[in-house]
Amino acid sequence: MKNIIILFAFLVVISCKNDDEGATKTFGNIELNFNNSIDNTPIVLEETSYTNKSNETYTISELKYIISNIVLIKANKEEFKYPVADSYFVINEAKSESKKITLNSIPEGEYTKIRFGFGVDQSKYPFESGTANFIPTAEENQMLWNWAAGYKFIKFEGMYTANGGSNTDFLIHVGSHGTTLDNYQEITLELPSALTIEKSKSPEIVINVDIAKIFDGINTLSLEQKNSIQVDPVYAPKVAENISTMFSTGVSN
Amino acid sequence: MKLLSYITLILIGVACSSDKDNYVPIENEKLEFTVPANFPEPSYDITLNPPTQKGFELGKKLFYEGQLASDGVIACGFCHIQDFAFTHHTHIVSHGVGGALGTRNAQPLHNMAFMKEFTWDGAAIHLDLQPIIPITAEVEMNETFNNVIKKLEAQPEYVKLFAEAFEDQKINSDNMLKAISQFMIMMISANTKYDKIERNEGSVFTENEAAGFELFKSKCASCHQGTLFTDQTYRNNGLPVDLQYNDIGRKRVTGEETDIYKFKVPSLRNIELTFPYMHDGRFKTLDDVLNHYSDGMVDSETIDPILKNEDGSLGIPMTTQEKLLIIAFLKTLTDDDFVNDNRFSEF
C-alpha cells in the first residue's frame, strides 16, 4: 500500500515536470525588416521606372517572395533553428506589415549570422510536422500553383520597354518542380555587428534586398530575350542563382 | 484502495490543470499498416504520419466531403468511385464544379503508399501534397484552403473529429492533409487472383491466363514492371496528340522539351474496372488499348525508344489471339475484396 502511494506521488511529480522547464532560460524577440530596393532606390509599385543593365526600362506591378527556415547563428557556430512550422513567410512589397517579421522566443545570447531559405525546401517539405500550415498563407498571396502541388517562390511582374519599343508585360514565377527542378536557395548573412538577444528587447535586423540583382546578378538576364519565366529549366535556375545574391544585412535606422 | 486511486488521480489532474483544462485524453487506436508479402517497401514514410483509427475516419469523411469544393458538392469521392477502383466511371475526363471539364482522366486510387510521385505528370512529389491540386484547381473543386478550414470549423462534428485524431487538436491544412493521407495509405489493393498466386495461396491461373502472363512479361512488363505493374517513369507511348487538349504531359512539370507528351506509366491493377483508358480517357476498352499498342502509334521526337522496332516500325507486335490472352491475364489483376471493402466506402 505504501509503495502504491509513493508511486502515485512520483507520478504526480513526473506528470507536471515539463511545465517547470524553461523557467531558467531567457528569451527575446527579433524583428527582421526586409527592405526591397533597386540600386538603393526604394520601390514604388506601378510608378517608378528602373533600368537594368540590358538597358531595358521597367516598372513593377507585383513583387512577392517566400522566406523560410530561419536560423540564427552565434560566433561559436551554435545555431538556433526557429521552429520550422512557424518559419515560412511571404514578403509582399505591397503590404508593409508583411515586410516586418517578428521572431519570438529566441534564446538569449549574442548572434553574429542569420541563415534563411528563399522558397520552400522540397527535401524537407512536408516532412517536418506543421509545415503544410503555410498553404493558406501562400494561397492568400497567390503563391500556389493550382496545377501542381508546389509554390511560387517569387512572383515578380511588371511592364518593360526595350530600345524605345512598346510597353510589354514581363512575368517571373520561379519555384521547384517535381524532383528535377530545385530552385530553393539558402542564404547566409553576417550581421553588421553582433546582436544581443535579451529579455524584453526586440532588436531589428535590416535585410536589404536588391531587386535589381534578379536581372543583373551572377547572370545577366534580358527581358527582351525572355520576358516570361515560369517552369523553365534554363532560365528559372539562373533567376534563382541571381536571387541568392540579392540579400545583404544593413544597419537599422 | 479504489478511493485512494481516485484521490491521486484528482491530485494529478489538479497539479497539471494550469493550461490544459480542456484536455481529455482520447482513445485513438493505431492502425496496423501491413505491407503485403509480395509488395516492395512503401515510399510513404509511415512513421511520420502513422495512421490511427480516428485519423483514418476523419480522412475518409474528408474524402467524401463536398464542402472541400466551392459548390459544396464535388468531393474527392465524386471522381474517385470505389466500385471502379476509385476512378470516375465512364467519364473520359474528370468533371469539376459548375460542370467544368478537366483535361485528364481521373486515376485510380490504390496502393498510394507505394507510389513516389502523383498525377499523370508527377506534379505532386508527396502524397500529403497531392490534394492541393484537385482542391484548388478551377476545373476540379475550385476552393481555397482558407475557405475549407472555415467551413470545417463551423461543423461541430469536424471540431470533434480533428480533436480526436490529432494531438494538437487543431483544424488546419497540415492535419487535414495528413488525415486524407491516412485514409489513402490504408487503401491497399493486394488481394487479386494474381497476388494469391504470387503468394502461393492456393490459386492457379487458367491455361489462357498463364499464356497471357507469359506474353505480358515479354511485351508489357518492361514498363508495367513488378508487382505494382508500373516502373513509375514517364513515357510517351505514341498516342496521337489530341489537339483539343494539346496536353504536354510531363513537360509541364519539368519544362524540358524532352518530356513533352510523356505521362506516368500507370499501374495495371484493377485495370478491368478503370475504363476509359489513357491520360485523356480516349480508349473505352482494353481491346482498344492493345490495338493502339500494336497498330495505333504515331512517331514523335519523344516516343519511347522501347516502342521502336529494329526495322523502324512502331508498336508492340501482337496477334488478335495474343491480345485476348493478355486481356485474360489482366483480368486476374482485379481485386473484388478491395472494391467491396467497407472500410473505404462512403456509407
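Select Ala137(B) to begin, and show its surroundings: leaving aside residues up to four places away in sequence, Ala137(B) touches Asn146(A) and Asn142(B). Keep in mind throughout the tour that this is a predicted model. Ala137(B) lies in the loop between α4 (132-136) and α5 of chain B, and with a relative accessible area of 7% it is buried. If you now add Val97(B) to the selection, you have a residue that is 40 residues apart from Ala137(B) along the chain, while the C-alpha atoms of the two are separated by 9.9 Å.

Next, stay in chain B and select helix α2, residues 53-63, together with helix α6, residues 156-165. Two packed helices are described by the angle between their axes and the distance between the axes. Here the axes come within 8 Å and cross at roughly 145°, and the crossing of α2(B) and α6(B) is left-handed. To see which side chains make this contact, colour Lys54(B), Gly55(B), Leu58(B), Lys61(B) and Leu62(B) on α2(B), and then Glu157(B), Tyr158(B), Leu161(B), Phe162(B), Glu164(B) and Ala165(B) on α6(B). Sorted by character, the residues of this contact divide into 6 nonpolar, 1 polar and 4 charged.

Keep α6(B) on the screen and ask which of its residues are buried. They are Tyr158(B), Leu161(B), Phe162(B), Ala163(B), Glu164(B) and Ala165(B). Show α2, α5 (145-153) and α7 (173-185) of chain B as well, for these are the helices against which the buried residues of α6(B) pack.

A further helix to select in chain B is α11, residues 286-296, in which Leu286(B), Val289(B), Leu290(B), His292(B), Tyr293(B) and Ser294(B) are buried. Add α12 (320-330) of chain B to the view, since what covers the buried residues of α11(B) includes this helix. An α-helix has 3.6 residues a turn, so residues three or four places apart point the same way.

Now turn to the cysteines, and ask how many disulfides a search of the whole structure finds. The search gives 0 over all chains. Select Cys76(B) and Cys79(B) as an example: Cys76(B) is in no disulfide, and the nearest cysteine sulfur, which belongs to Cys79(B), is 9.4 Å away. Because a disulfide needs two cysteine sulfur atoms within 2.5 Å, this separation of 9.4 Å does not qualify. Seen from the other side, Cys79(B) is likewise in no disulfide, with the sulfur of Cys76(B) as its nearest. Cys76(B) is buried, with a relative accessible area of 13%, and Cys79(B), at 10%, also counts as buried.

For the last stop, move to chain A, which has 4 helices and 14 strands. Of its 253 residues, 52% count as buried, and the chain exposes about 11,900 Å², of which carbon and sulfur atoms supply 48%. Among its contacts between residues at least 6 apart in sequence, 71% join residues at least 24 apart.

Within this chain, select Lys99(A), which is found in the loop between β6 (89-92) and β7 (100-107). Is this lysine, Lys99(A), buried or exposed? Its relative accessible area is 14%, so Lys99(A) is buried. Show its neighbours to finish: leaving out residues up to four places away in sequence, Lys99(A) touches Leu32(A), Asn33(A), Phe34(A), Asn36(A), Ile91(A), Asn92(A) and Glu93(A).

Definitions and conventions: Residues numbered from 1 in each chain as written. Chains lettered and ligands numbered in written order. Predicted model: local features only at pLDDT ≥ 70, side-chain atom pairs only at ≥ 80, totals over all residues. Heavy atoms only, no water. Buried < 20%, exposed > 50% of the residue type's maximum accessible area, 1.4 Å probe, protein only. Axes fitted to C-alpha atoms, helices over the stretch in contact; angles between N-to-C directions. Helix = DSSP H or I, 4+ residues; strand = E, 2+ residues; numbered from the N terminus. Left-handed = near helix turned anticlockwise from the far one by under 90°. Contact = heavy atoms within 4.5 Å. Nonpolar A, V, L, I, M, F, W, Y, C, P; charged D, E, K, R; others polar. Areas by Shrake-Rupley, 256 points an atom, 1.4 Å probe, with all protein chains shown as cover.
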